[in-house]
Amino acid sequence: MPPVSVSPLLTLLADGRYYRVTELLSASGLDSAELSRQLGEFAQWGIELDVDSDQRYRIPGGLSLLDAAGVRSSLSPIATQLLKSLQVHPVIDSTNAELLRQAGQGISEGTVCTAEQQTAGRGRRGRQWVSPFGRNIYLSVLWEFAAGPSALEGLSLAVGVAVARALSNCGVDNVRLKWPNDVFIGDAKLGGILLEMKSNAEGVCQVVVGVGINVAMPEEASAAIDQPWVDIARDGEMADRSRLLAALLDELLPMLAQYESNGFARWREEWLALDAYAGQPVVLISGDQRQEGIAQGVDETGALRLETPAGLELFFGGEVSMRPVRNT
Ligand code: BTN
């Protein structure tokens with residue numbers, strides 16, 4: 001599959017300046033029918049377009065679009081070697097769904113899919129992941145594991161460590177991890193991780209690692225989020241999304257390449273240092289079952305250690321969710 005990217009017209013308008021129609025036509029190489037089709041499409045994607053009395057167009061405030069070439073050029077040598085292809089879709093249903101579709105068509109590990117917008121972003125436990133245009137990070141990476149699904153316990157926790165490292169490298173401080181898959185700042189969710197898998201006939205497990213990070217969530221879009229959330233812009237400075245994407249790939253790709261031989265044990269100490277709920281009373285919820293206890297970190301496979309009235313019990317990820325007792 002060839003690399004995908006946003007149209008030259010959108011790249012031009014992203015600088016936030018006014019352009020006459022003639023300038024848009026000559027700079028983009030489009031004819032007028034295609035120009036008006038694309039402008040209509042931008043509006044459908046939720047991009048604000050302003051037209052002044054001289055019929056000049058602009059995107060107020062501009063947009064910071066993902067820049068595939070910029071991402072590639074700032075990757076570390078090892079990540080550059082591990083990256084097979086980088087797709088930047090303007091709009092897609094879900095970057096995870098897209099890589100799962102492509103996995104069946106023989107793409108190889110190290111294929112990365114990102115998008116400016118997801119129309120059906122997927123969260124854990126069947127939830128929607130709110131994914132407005134040009135504001136956040138929606139990233140999926142395909143990786144293959146020859147030993148099959150059993151070798152992957154703890155992988156999503158190791159992904160969390162890689163994400164926290166990347167955020168810290170971009171100056172985003174105070175990031176914590178909430179077992180099993182959430183990225184937090186304080187009591188609010190900054191990002192989430194969703195692993196989806198597919199096994200092929202040879203027993204090789206193809207894993208799509210999906211990461212969503214709220215960078216500058218617009219207030220209107222946030223109305224659909226049903227839990228406390230935070231974004232990077234709210235917590236401090238507006239991050240450059242391409243730089244953040246490169247930082248994520250710098251951490252994620254080498255971690256994925258090493259995971260099968262090292263397992264979670266190598267990431268455990270770092271995960272424990274980032275644990276948002278260490279020593280705190282929590283409740284685990286799975287369907288209509290609840291178990292209260294004190295969170296005691298994770299074991300070397302990534303299972304949660306919960307001190308319950310009946311003693312120490314281990315819980316594995318999957319469909320389990322955890323909340324602090326005060327919020328239940
Ligand atoms: C969660 O519920 O916390 C997991 C959210 C995962 C969202 C990311 S965004 C990129 C990738 N594509 C998806 O559809 N979901 C994941």
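User: Which strand gives the largest share of the shell around the ligand?

Analyst: This is a predicted model, where local features need pLDDT of at least 70, side-chain atom pairs count only at pLDDT 80 or more, and totals for chains, interfaces and linings use all residues. Residues are numbered from 1 along each chain as its sequence is written, and side-chain values use heavy atoms, with hydrogens and water left out. Helix 6 (95-103), strand 5 (137-145), strand 8 (188-199) and strand 9 (205-213) each bring at least two shell residues (helices, H or I of at least four residues, and strands, E of at least two, are DSSP runs numbered from the N terminus). The largest share, 4 residues, belongs to strand 8.

User: How many residues surround the ligand?

Analyst: A residue counts if one of its heavy atoms lies within 4 Å of the ligand. By class the shell has 6 nonpolar, 10 polar and 4 charged residues (Ala, Val, Leu, Ile, Met, Phe, Trp, Tyr, Cys and Pro are nonpolar, Asp, Glu, Lys and Arg charged, the others, Gly among them, polar). Ser94, Gln118, Arg122, Arg124 and Lys189 are the closest, and the full count is 20.

User: What is the distance from a ligand oxygen to the side chain of serine 94?

Analyst: Polar contacts here are pairs of N or O atoms within 3.5 Å. Glutamine 118 puts a polar side-chain atom 3.0 Å from a ligand nitrogen, while a polar backbone atom of asparagine 96 is 3.4 Å from a ligand nitrogen. For the ligand oxygen and an N or O atom in the serine 94 side chain, it's 2.7 Å.

User: And how much of the ligand's accessible area does the protein cover?

Analyst: Accessible areas come from the Shrake-Rupley method with a 1.4 Å probe. On its own the ligand has 410 Å², and the protein covers 98%.

User: Which residue is joined to tryptophan 179 by a cis peptide bond?

Analyst: Look at the loop between strand 6 (175-178) and strand 7 (182-185). Omega is about 0° for this bond, and the partner is proline 180.

Definitions and conventions: Polar contact = N/O pair within 3.5 Å; in protein donor to acceptor, adjacent residues only side chain to side chain.
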